[in-house]
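Hi everyone, thanks for coming. I'd like to walk you through one structure today, so let me put it on the screen.

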Amino acid sequence: MRALELLAPAKNLEYGIAAIDHGADAVYIGASRFGARAAVGNSVADIRKLCDYAHPFGVKVYVTVNTIVYDDELEATRQLLAELSEAGADAILIQDMAVLEMMKDLPMAAHASTQTDNRSVEKVQWLRDLCFSRVVLARELSLDEIKEIHLQVPDVELEVFVHGALCVSYSGICYASQYCFNRSANRGECAQFCRMKFSLEDAKGREVVNDRYLLSLKDMNRIDHLDELVEAGVTSLKIEGRLKDLSYVKNVTAAYSQRLNELIRRHPDLYCRSSLGECRYTFTPDLNRTFNRGYTTYFLHGRKPDIASWDTPKAMGAFVGTVKEIRHDSFNVAGVASFSNGDGLCFFDDNRELVGFRANKVVGNRIFPYRMPNGLKSGVRLYRNNDQEFDRLMSKTSAERKITIRLSFRAVEKGFELSATSGILVSVNCEHQVAQRPQRENIIRQLTKLGDTIFTCSEVDISDDFNFFIPNSVLSEMRRELVAKMMGARNRRESSVDRIMQSSSKIPTYAYSYLYNISNRLSKRFYDKKELSAFELKGGTGPIMQCRHCIRYTLGACVKHGGERPSWQEPLSLVLGDGRRFRLEFDCQHCQMNVYAS
């Protein structure tokens with residue numbers, strides 16, 4: 001039987017606990033430094049608290065130390081890793097091979113972050129041979145490509161993104177933010193170059209597309225394809241979103257947890273969850289009611305024409321109806337959605353610009369905005385990107401997670417013994433005093449007072465002929481001792497195997513030297529390439545982005561995929577509003593679009 005893991009983001013301790021309560025089998029969180037989301041760092045003390053909360057459920061905590069590291073940061077990184085190990089972290093997500101070397105003697109698993117650009121069988125084999133126990137695959141891979149990697153490298157766990165924001169470039173080899181703004185994505189400081197507006201011009205300066213978000217993608221949503229991913233060999237299903245709000249974490253985690261449970265119920269002999277506990281929710285999860293730019297399965301089933309969000313990089317939310325009658329201070333909506341005061345609504349105007357506004361007052365299906373938006377007219381499609389009623393619901397305690405246990409209580413030679421299905425037991429020396437009245441119901445009532453613990457009892461096994469009196473104080477003490485022992489046992493962390501920095505497979509080679517992202521002396525020694533340096537240190541003449549998303553294909557001009565031969569003259573260039581240009585190269589052999597700084 002294979003254990004499946006739902007992996008949720010933790011912006012901080014509060015978000016991590018919420019993810020666990022709503023059904024996560026593991027959470028990933030950033031430390032104070034060296035994480036790929038520099039804006040959401042956390043103290044080691046908070047990570048320790050998260051581990052203490054997670055481990056009794058069997059939930060694991062993975063910490064992101066997945067940036068490149070500079071020479072003057074090596075000692076601080078080494079110290080951080082030691083502190084994370086002592087705090088109870090289960091695994092470290094890694095980009096820089098110097099971090100792997102510094103983890104050799106620490107009892108934490110090594111996971112190859114998606115920042116290591118994992119898109120081929122050869123790369124995954126190489127990482128496996130370096131004793132990475134898990135590889136986070138590139139978001140761009142198709143189901144067939146994932147299957148092939150699992151087939152060729154079955155002894156490494158595969159982690160795959162199933163939900164959330166998409167980077168247009170293969171992760172780990174995007175240098176656009178560094179080039180334009182001196183903010184490195186490989187240092188956790190991405191400036192979201194891909195969410196900016198561009199015009200598209202051909203080699204003669206003729207405009208092909210005017211002022212659109214040409215590199216902005218929709219958000220990933222693969223909730224209807226979990227069975228396919230699991231059958232392909234995926235172990236961990238990952239939700240993106242360490243920068244998202246708490247409502248997002250609760251809603252998305254709950255939605256995927258419920259769907260994963262459904263999958264397991266259909267195949268109880270094949271799969272199980274990797275953690276324990278059942279969740280009860282006070283709401284119905286709905287992915288359309290949380291942040292999204294429109295949804296796509298990306299390249300899961302091959303190249304599709306609807307993966308981009310050229311009109312806006314912002315969240316549109318769910319479609320809620322069309323505008324019907326407009327008055328000077330209000331309008332009504334044709335549709336079945338209900339609205340609340342304060343809802344955030346939006347629509348696209350005639351210039352395809354997203355216009356947002358707030359509902360000040362709602363009367364039935366008539367909406368009175370704070371200020372009537374320009375461009376609103378009858379027939380416009382209306383979206384809700386801020387759902388006040390849902391946010392109010394999610395701001396409260398919205399889930400509870402409990403581990404169901406069965407207890408057994410019996411008399412032994414010198415007293416009494418209480419045990420749980422986990423095999424843990426406690427005993428007490430106590431005189432066997434025959435009861436004057438039946439004790440069974442009282443014993444069950446006292447032993448099942450589990451209150452605020454993470455356990456709930458489904459059954460207490462007591463023999464039919466049990467007829468001894470035992471004080472309530474003794475029963476309560478036995479219950480407390482058993483709970484403490486179960487918590488202690490579940491809070492222990494398994495140690496990982498020693499790692500050896502060697503590989504029997506050949507490292508995949510890059511055409512451009514800076515793509516190795518070598519930024520310190522340990523990495524140079526590891527790769528034995530002392531002459532190479534990261535783009536952040538010395539720049540480079542190759543592409544600043546490599547994308548499977550292809551603008552030529554989106555415009556219907558990819559002959560290879562049945563498009564019409566374009567009338568423009570290549571090379572095409574992306575042009576920012578300030579005039580900066582970025583040349584596009586269409587590598588049709590690899591079905592890839594490269595972006596160069598002009």
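Here's a small warm-up for you: which residue follows α5 with a positive phi? That residue is cysteine 131, and its phi is near 75°. Before I go on, please keep in mind that this is a predicted model.

Since we're already there, let's stay with α5. This helix covers residues 121–129. Its buried residues are Val121, Lys123, Val124, Trp126, Leu127 and Asp129. So what covers them? On the helix side, the cover includes α4 (97–102), α6 and α13 (521–527). Strands contribute too, among them β5 (109–112), β6 and β7.

One of those neighbours, α6, deserves a closer look. Two packed helices are described by the angle between their axes and the distance between the axes. For α5 and α6, the angle is about 40° and the axes lie 9 Å apart. An angle under 35 degrees would count as roughly parallel, and that of this pair makes α5 oblique to α6. The crossing of these two helices is right-handed. If you'd like to find the contact on screen, look for Val121, Val124 and Gln125 on the α5 side. They meet Glu148, Ile149 and Gln152 of α6.

Now to the strands, beginning with β7, residues 157–164. Is this strand largely enclosed or largely open? Seven of its eight residues are buried, so the rest of the structure largely encloses it. Let's go through its partners.

The first on my list is β6, residues 134–136, which runs parallel to β7 with three bridges between them. Valine 136 has glutamate 159 in β7 as its bridge partner. To get from β6 to β7, the chain passes through helix α6, residues 143–152, and this β-α-β crossover is right-handed. That is the α6 we just saw packing with α5.

Next comes β11, residues 236–239, again parallel to β7, with four bridges. There you can see phenylalanine 161 opposite lysine 238 of β11.

Then there is β10, residues 219–221, which is antiparallel to β7 and joined to it by two bridges. In that pair, glycine 164 is bridged to methionine 220 of β10.

Let's move along to the barrel. How many strands close into it, and in what order? Six strands do, in the order β15-β16-β19-β18-β17-β20, and their pairing is antiparallel. On average, neighbouring strands in this sheet are turned by 50° against each other, ignoring direction.

I'll pick out a few of the pairs. β15 spans residues 318–326 and β16 spans residues 331–334, and three antiparallel bridges connect them. One of the bridges has valine 323 across from valine 333 in β16.

Further round we have β17, residues 344–348, and β18, residues 354–363, an antiparallel pair with five bridges. Phenylalanine 348 sits opposite leucine 354 of β18. Their hairpin leaves five residues between the strands, and in it arginine 352 has a positive phi near 60°.

β18 is also joined to β19, residues 366–369, by four bridges, again antiparallel. Valine 363 has arginine 366 in β19 as its bridge partner. This hairpin has two residues between its strands, and glycine 364 takes a positive phi near 65°. So if you like checking backbone torsions, here are some to click on: cysteine 131, arginine 352 and glycine 364.

I'll finish with two single residues. Arginine 479 belongs to helix α12, residues 472–490. Is it buried or exposed? Buried means under 20% relative accessible area, and arginine 479 comes in at 12%, so it is buried. Leaving out residues up to four places away in sequence, it touches Leu418, Gln446, Leu447, Lys449 and Leu450. Threonine 448 lies 31 residues from arginine 479 in sequence, with 8.1 Å between their C-alpha atoms.

The other one is serine 419, in strand β22, residues 415–420. With a relative accessible area of 17%, serine 419 is buried as well. Its contacts, with the same sequence neighbours left out, are Arg406, Leu407, Ser408, Ile424, Leu425 and Leu482.

That's my tour, thanks for listening!

Notes: Residues are numbered from 1 along each chain as its sequence is written. This is a predicted model: local features need pLDDT of at least 70, side-chain atom pairs count only at pLDDT 80 or more; totals for chains, interfaces and linings use all residues. Side-chain values use heavy atoms; hydrogens and water are left out. Two strands pair if DSSP finds at least two bridges between them. Axes are lines fitted to C-alpha atoms, for helices over the stretch in contact, and angles run from 0 to 180 degrees between N-to-C directions. Buried means under 20% relative accessible area, exposed over 50%, partly exposed in between (1.4 Å probe, protein chains only). A crossover is right-handed if, with the strands pointing away from the viewer, the path from the first strand over the helix to the second runs clockwise. Angles under 35 degrees count as roughly parallel, over 145 as roughly antiparallel, 65 to 115 as roughly perpendicular and the rest as oblique. A crossing is left-handed if the near helix is turned anticlockwise from the far one by less than a right angle, and right-handed if clockwise. Contact means heavy atoms within 4.5 Å.
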